[in-house]
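Thanks for sharing this one with me. Below are my reading notes, written for someone opening the structure for the first time.

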Amino acid sequence: MRGTLMLSWVLIICLSLVAVQSQYYSETLPYRPRPVKVTNLHFFMHEFTGITAVQVAQVNITSSDNNSSVPFASLVAVNDPLRTGPEPDSELIGNVQGIALLAGMNASSTQYIDFGFNTGRFNGSSLSVFSRGEPGLAVVGGRGRFMMARGVALFNPILINATNVIIEFNVTVVHY
């Protein structure tokens, strides 16, 4: 028993010395960061109520305090086209997919949306936005050419009526 215990300790010490003295660990290479790029984008989102933006859930409020045009605590799913201009026949460059939670009594919202581009220089790339529905939305990520993106998406409503919404976006993105 004593010989087995002694042999076990000798093997443990030998194995630990081999791991420490071997070239198991690779050489450290210097860090060379990719150059940072700043991209400015300008496009228009075309939303058609009931077609590309659909309410999927709503709280049942019986109070008369909710006299907003947009019901409090509504969840809306969106899949809107992105175009180069405000005209309905302008060039289609991608789409917006996501959800909006209308959580304020004044129709403010918290949104998760993804701007996906399927033509041109940014084909296959997307920008992820997660923010409150204020004039500036936070860009929190991206993929493709917008890897590790961060920035701001400023928006300006161009047209809002009962069936259509057209929103102009000016997006500034810092990415690698």
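The numbered points below go from the overall layout to individual residues.

1. Let's begin with the overall layout. Please keep in mind that this is a predicted model. The chain contains one helix and nine strands. Following the sequence, you will meet these elements in the order α-β-β-β-β-β-β-β-β-β. Of the 176 residues in the chain, 31% are buried.

2. Next, have a look at the stretch between the helix and the strand after it. Pro-33 sits in the loop between α1 (2-21) and β1 (37-48). Pro-33 counts as exposed because its relative accessibility is 52%, and the cut-off for exposed is over 50%. Which residue lies 143 positions away from Pro-33 in sequence but 9.1 Å away in space? That partner is Tyr-176, with the distance taken from C-alpha to C-alpha.

3. Strand β4 (residues 92-102) is a good place to stop next, as the home of Ile-93. With a relative accessibility of 13%, Ile-93 counts as buried. The C-alpha atoms of Ile-93 and Leu-82 are 5.7 Å apart, and 11 residues separate the two in sequence.

4. Now to Ser-125, which is found in the loop between β5 (109-117) and β6. Is Ser-125 buried or exposed? Its relative accessibility is 2%, so Ser-125 counts as buried. A polar atom of the Ser-125 side chain lies 2.8 Å from the backbone nitrogen of Arg-145.

5. That contact leads us to Arg-145 itself, in the loop between β7 (136-143) and β8 (150-160). Arg-145 has a relative accessible area of 47% and is therefore partly exposed. Arg-145 also belongs to a positive surface patch, together with Arg-34, Lys-37 and Arg-121.

6. The loop between β7 and β8 also holds Met-148. Met-148 is not a glycine, yet its phi is positive, at about 60°. Met-148 counts as exposed, at 57% relative accessibility. I would point this residue out to anyone browsing the backbone angles.

7. Strand β6 (residues 126-132) brings us to a second serine, Ser-131. Why does Ser-131 count as buried? Its relative accessible area is 16%, and buried means under 20%. The Ser-131 side chain reaches the backbone nitrogen of Ala-138, at a distance of 3.4 Å.

8. Phe-130 lies in strand β6 too. Which residues join Phe-130 in a nonpolar surface patch? They are Ile-99, Tyr-112 and Val-140, and the patch made by these residues and Phe-130 covers about 390 Å². It may help to colour these side chains before moving on.

9. Last comes Pro-135, placed in the loop between β6 and β7. Pro-135 is exposed, with a relative accessible area of 56%. Pro-135 and Pro-157 are 22 residues apart along the chain, and their C-alpha atoms are separated by 9.6 Å.

10. If you have time for a second look, I suggest starting with the two serine contacts: Ser-125 with the backbone nitrogen of Arg-145, and Ser-131 with the backbone nitrogen of Ala-138. After that, turn to the two surface patches, the positive one that includes Arg-145 and the nonpolar one that includes Phe-130.

How values were computed:
Residues are numbered from 1 along each chain as its sequence is written. This is a predicted model: local features need pLDDT of at least 70, side-chain atom pairs count only at pLDDT 80 or more; totals for chains, interfaces and linings use all residues. Side-chain values use heavy atoms; hydrogens and water are left out. Patches are made of residues with over 30% relative accessible area and no salt bridge: like charges are joined within 9 Å, nonpolar side chains (Val, Leu, Ile, Met, Phe, Trp, Tyr) within 5 Å. Accessible areas come from the Shrake-Rupley method with a 1.4 Å probe; for residues, only the protein chains shown count as cover. A salt bridge is a side-chain nitrogen of Lys or Arg within 4 Å of a carboxyl oxygen of Asp or Glu. Lys and Arg count as positive and Asp and Glu as negative; His and the chain ends are not counted. The place of a charge is taken as NZ of Lys, CZ of Arg, CG of Asp or CD of Glu. Helices (H or I, at least four residues) and strands (E, at least two) are DSSP runs, numbered from the N terminus. Buried means under 20% relative accessible area, exposed over 50%, partly exposed in between (1.4 Å probe, protein chains only). A polar contact is a pair of N or O atoms within 3.5 Å; within protein, one must be able to donate a hydrogen and the other to accept it, and residues adjacent in sequence count only if both atoms are side-chain atoms.
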